[in-house]
Amino acid sequence: MRRITRIATVGIASTALALSVTACGSDSSSGSGSDDNGGKAAIAYDIGGRGDQSFNDAAYAGLVEAEEELDVQGTEAEPSEGEGDPDKVQRLTTLARAGNNPVIGVGFAYAPAIAEVAPKFPDTTFGLIDDTSKTGPNIANLVFNEEQGSYLAGVAAAKVTESDTVGFIGGVETPLIKKFEAGFVQGVKDTNKDVNVKVQYLTQPPDFGGFSKPDLGKAAAQGQLDAGADVIYAAAGLAGAGAIEATANAGKWAIGVDSDQYEQEGLAAYKERILTSVTKNVSGAVFNLIKSVQDGDPQNGEIRYGLEDDGVALSLSNPAFTEMTDVIEAVDKAKADIIAGRITVKTAP
Amino acid sequence: MKKFDKDRLLLGLAGPVLALVVAFLLTSVVLLLSGLSAIEPYELMFQQLEFTDIQVLIINQTGIYYLAALAVAVGFRMNLFNIGVDGQYRLAVMLAAVVGAAVDLPGPLHILLIVLVAMFVGAMWAGIAGVLKTTRGVSEVVSTIMLNAIATSLIAWMILPANLGQQPPGSNQLNTGEIPESGWFPGLQLDGGEIYGFTFVAFALGIVYWFTLNRTRFGFDLRATGASQSAAQASGVDAKRMVLTAMLISGAVAGLAGMPMLLGQTHTYSLSFPVGVGFVGITIALLGRNNPVGIFFASLLVAFLDKTAEGLDLAGYPKEIAQIMQGLIVIAVVVSYELVRQYGLRRQQQKVGEELAAQARKNKEVAAA
């Protein structure tokens with residue numbers, strides 16, 4: 001009996017604790033709405049969070065730049081695995097309530113949450129990257145013409161290939177990544193319609209491992225190399241690093257994405273084989289939005305970044321690429337044609 | 001008799017309590033090892049509770065977890081390990097959203113239709129595993145895991161704009177279209193936000209679960225088959241039919257797990273609909289010992305960990321602390337239940353031994369006299 005009592009005591013004590021945890025009834029409304037309009041900016045990340053070597057890291061780079069140049073205090077918030085809209089609403093509300101301005105949602109998944117939170121904080125500017133479906137007087141929609149940059153990559157790939165086979169690897173089959181595919185395939189076909197494009201996606205939503213697992217990218221690239229591809233364009237976040245590794249080891253050409261992957265330390269061993277990268281200036285977009293708020297003239301509505309302002313571009317850091325004058329010529333011509341409107345790039349395959 | 005019940009209750013409570021305390025201590029060790037304060041994170045999490053919007057978030061999440069855990073618990077009672085709750089939940093909520101957006105009925109009927117579709121789809125998906133088990137002897141653990149993966153691919157295909165989904169203009173999202181307002185389940189409006197109406201349905205289902213299992217012939221058959229299939233068969237229960245029925249019920253309840261969110265919040269199924277709910281349900285069913293009240297508190301606890309961890313992030317603590325704690329709870333639960341079970345067995349043996357000894361003494365006295 002003695003032992004039972006001891007267990008019982010511990011049990012009751014901890015139950016009481018658990019109850020005081022769970023059955024708390026205080027309803028003190030939170031209201032620390034400090035509206036000092038100076039020097040605080042926040043970004044809320046998409047799946048993967050910081051450290052994905054790609055999309056989220058680019059947003060972070062923009063925040064860091066703002067911290068250094070504009071002397072703002074930056075805050076970051078990461079999502080949880082498998083969360084829903086209410087969690088995002090909660091996150092944005094907390095960030096806005098803490099006096100951050102602007103509050104930037106990195107990724108289209110934040111659209112419904114921003115539409116709900118923005119009207120409650122009319123003096124705060126909300127940035128929404130990759131989505132224009134939700135708009136408002138204090139919402140800035142930061143979007144990119146990814147398909148245009150990918151088109152140029154397609155032109156380069158079609159010019160460089162010797163086997164007349166090139167590959168496209170998409171991380172997760174979402175409409176956003178399909179924009180990359182559409183532009184790339186069109187660029188290849190417009191340049192040389194005899195070139196065969198192999199298209200492969202790593203995972204299907206809601207499995208977003210295709211953006212984070214390099215082994216998947218490596219296996220997919222290996223398969224395309226075996227099928228004769230000699231230029232492979234991977235739009236797959238961190239998983240793209242695996243594709244670059246496999247392609248470089250086979251002595252073929254890889255095309256990077258989002259950041260200039262030729263310059264990335266983590267990929268230094270393969271840089272010689274990274275022909276070029278389709279860059280997406282997320283960091284610049286984040287920085288510009290923060291700056292506009294600091295300057296007292298916040299951006300709002302659709303802010304589109306395209307080829308003309310280098311919002312998307314083809315990087316020229318690999319000397320091996322810039323030496324291919326005929327390729328560069330073709331790319332420059334395509335770029336001029338797109339800017340002038342002579343070529344319209346499709347946004348869906 | 002009464003005394004025996006008290007012992008049993010205490011032993012029943014000791015398992016989860018021991019597990020929680022151990023998980024708590026181990027989490028503190030992890031915190032200390034990473035050079036962080038072992039106390040402040042908990043304080044921060046408790047502070048979060050003061051915000052009304054966090055309270056509402058916790059209650060809503062509790063309802064969702066409660067349904068998922070009930071689905072798992074129905075299987076557990078029958079000795080079936082339905083790991084496929086997550087797949088059943090996703091497939092059910094997706095198809096229910098499609099049907100809900102396609103029709104326009106008067107309020108209650110519209111909601112009823114959506115709910116029935118969700119239950120039907122969940123039951124059918126789980127039923128595949130049930131049929132495989134009863135006809136071919138395939139372990140439901142393997143088949144439900146594989147069905148999860150198949151559900152993922154199926155949903156990915158169905159949500160394409162060419163099939164059942166659509167892409168809102170200007171968005172990179174895919175969804176199944178918005179359900180008309182008649183299909184929205186009214187909620188309870190509070191300071192901190194809205195408590196989904198379906199949350200109350202979820203808790204009511206806990207009562208139904210308790211009643212069905214403990215007060216009906218069917219529930220008795222189910223528990224008997226779970227305890228010993230051959231014994232149940234010998235006493236006239238069709239064990240195969242029970243396996244299939246339990247799987248169907250488990251799947252139907254899993255289908256309901258998506259309803260609070262669908263009917264109360266998003267009104268559409270999109271790429272960012274929450275995933276993983278079914279797996280959390282397994283943790284909760286284990287922790288709550290398949291008991292409707294236990295599951296409720298376990299859901300509340302996990303929802304609390306989930307929702308208050310967000311505040312840690314902003315205070316500079318990694319919010320993965322909450323995930324570490326959930327993982328530790330699962331391990332601790334398994335270990336502590338076994339310990340408590342063995343202790344209970346030993347106690348029982350002791351007791352029986354004492355009674356026998358007393359009986360023997362009595363007999364001796366009688367013989368001597």
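This passage walks through a predicted model of two chains, A and B. It starts with chain A, moves to the place where the chains touch, and then turns to the cores, the helix pairs and some backbone oddities.

Chain A has 349 residues, and 58% of them count as buried. Its secondary structure comes to 11 helices and 12 strands. Contacts in chain A reach well along the sequence: taking those with a separation of 6 or more, 67% are between residues 24 or more positions apart.

Where the two chains meet, 42 residues of chain B are in contact with 44 residues of chain A. On the chain B side, six helices each put in at least two residues, namely α1 (2–33), α3 (52–77), α6 (140–158), α11 (259–266), α13 (292–308) and α14 (310–314). Of these, α1(B) gives the largest share, with seven residues. Sorted by class, the side of chain B that touches chain A has 23 nonpolar, 13 polar and six charged residues.

Turning to the interior, the largest nonpolar core has 116 residues. Within this core, A68(B), A69(B), A96(B) and A118(B) have the most contacts. Helix α3(B) provides 16 of the core residues, the largest share. So α3(B) turns up twice, since this helix also supplies at least two residues of the side that touches chain A. To take one of the well-connected core residues, A68(B) touches V85(B), Y89(B), A254(B), A257(B), V277(B), G278(B), V280(B) and G281(B), leaving aside residues up to four places away in sequence. A separate core of 107 residues lies apart from that one, and includes A66(A), F144(A), A157(A) and A234(A).

Next come the helix pairs. In general, two packed helices are described by the angle between their axes and the distance between the axes. In chain B, the axes of α7 (residues 197–215) and α11 come within 8 Å and cross at roughly 160°. An angle over 145 degrees counts as roughly antiparallel, and α7(B) and α11(B) are therefore roughly antiparallel to each other. Their crossing is right-handed. From α7(B), the contact draws on G197(B), F198(B), T199(B) and A202(B), while α11(B) brings M259(B), P260(B), L263(B) and G264(B). By class, the residues of this contact are five nonpolar and three polar, with no charged residue.

Helix α7(B) also packs against α8 (residues 217–227) of chain B, this time at an angle of about 75° and with the axes 5 Å apart. That makes α7(B) roughly perpendicular to α8(B). Here T212(B), L213(B), N214(B) and R215(B) of α7(B) meet F218(B), G219(B), L222(B) and R223(B) of α8(B). The class split for the contact of α7(B) with α8(B) is three nonpolar, three polar and two charged residues.

Chain A has a helix pair of its own to look at. Helix α5 (residues 146–160) and helix α11 (residues 325–340) of chain A have axes that come within 9 Å and cross at roughly 150°. These two helices, α5(A) and α11(A), are therefore roughly antiparallel, and their crossing is right-handed. On the α5(A) side, the contact involves Q148(A), Y151(A), L152(A), V155(A), A156(A), K159(A) and V160(A). On the α11(A) side, D326(A), V327(A), A330(A), V331(A), A334(A), K335(A) and I338(A) take part. Together, the residues of this contact divide into 10 nonpolar, one polar and three charged.

Finally, there are some backbone details to check by eye. In chain A, a cis peptide bond joins N101(A) and P102(A), with omega about 5°. P102(A) sits in the loop between α3 (85–97) and β3 (103–105) of chain A. In chain B, N79(B) has a phi near 65°, a positive value in a residue other than glycine. N79(B) is in the loop between α3 and α4 (85–102) of chain B. With 16 C-beta neighbours inside 10 Å, N79(B) counts as partly exposed. R289(B), not a glycine either, has a positive phi of about 55°. The loop that holds R289(B) runs between α12 (277–287) and α13 of chain B. R289(B) has 18 C-beta neighbours inside 10 Å and therefore counts as partly exposed.

Notes. Residues are numbered from 1 along each chain as its sequence is written. Chains are lettered from A and ligands numbered from 1 in the order in which they are written. This is a predicted model: local features need pLDDT of at least 70, side-chain atom pairs count only at pLDDT 80 or more; totals for chains, interfaces and linings use all residues. Two residues are in contact if their C-beta atoms, placed from the backbone, lie within 7 Å. Helices (H or I, at least four residues) and strands (E, at least two) are DSSP runs, numbered from the N terminus. Ala, Val, Leu, Ile, Met, Phe, Trp, Tyr, Cys and Pro count as nonpolar, Asp, Glu, Lys and Arg as charged, and the others, Gly among them, as polar. A nonpolar core is a set of buried Ala, Val, Leu, Ile, Met, Phe, Trp, Tyr and Cys residues joined through C-beta atoms within 7 Å. A residue is buried if 20 or more other C-beta atoms lie within 10 Å of its own, exposed if 12 or fewer, and partly exposed in between; C-beta atoms are placed from the backbone. Axes are lines fitted to C-alpha atoms, for helices over the stretch in contact, and angles run from 0 to 180 degrees between N-to-C directions. Angles under 35 degrees count as roughly parallel, over 145 as roughly antiparallel, 65 to 115 as roughly perpendicular and the rest as oblique. A crossing is left-handed if the near helix is turned anticlockwise from the far one by less than a right angle, and right-handed if clockwise.
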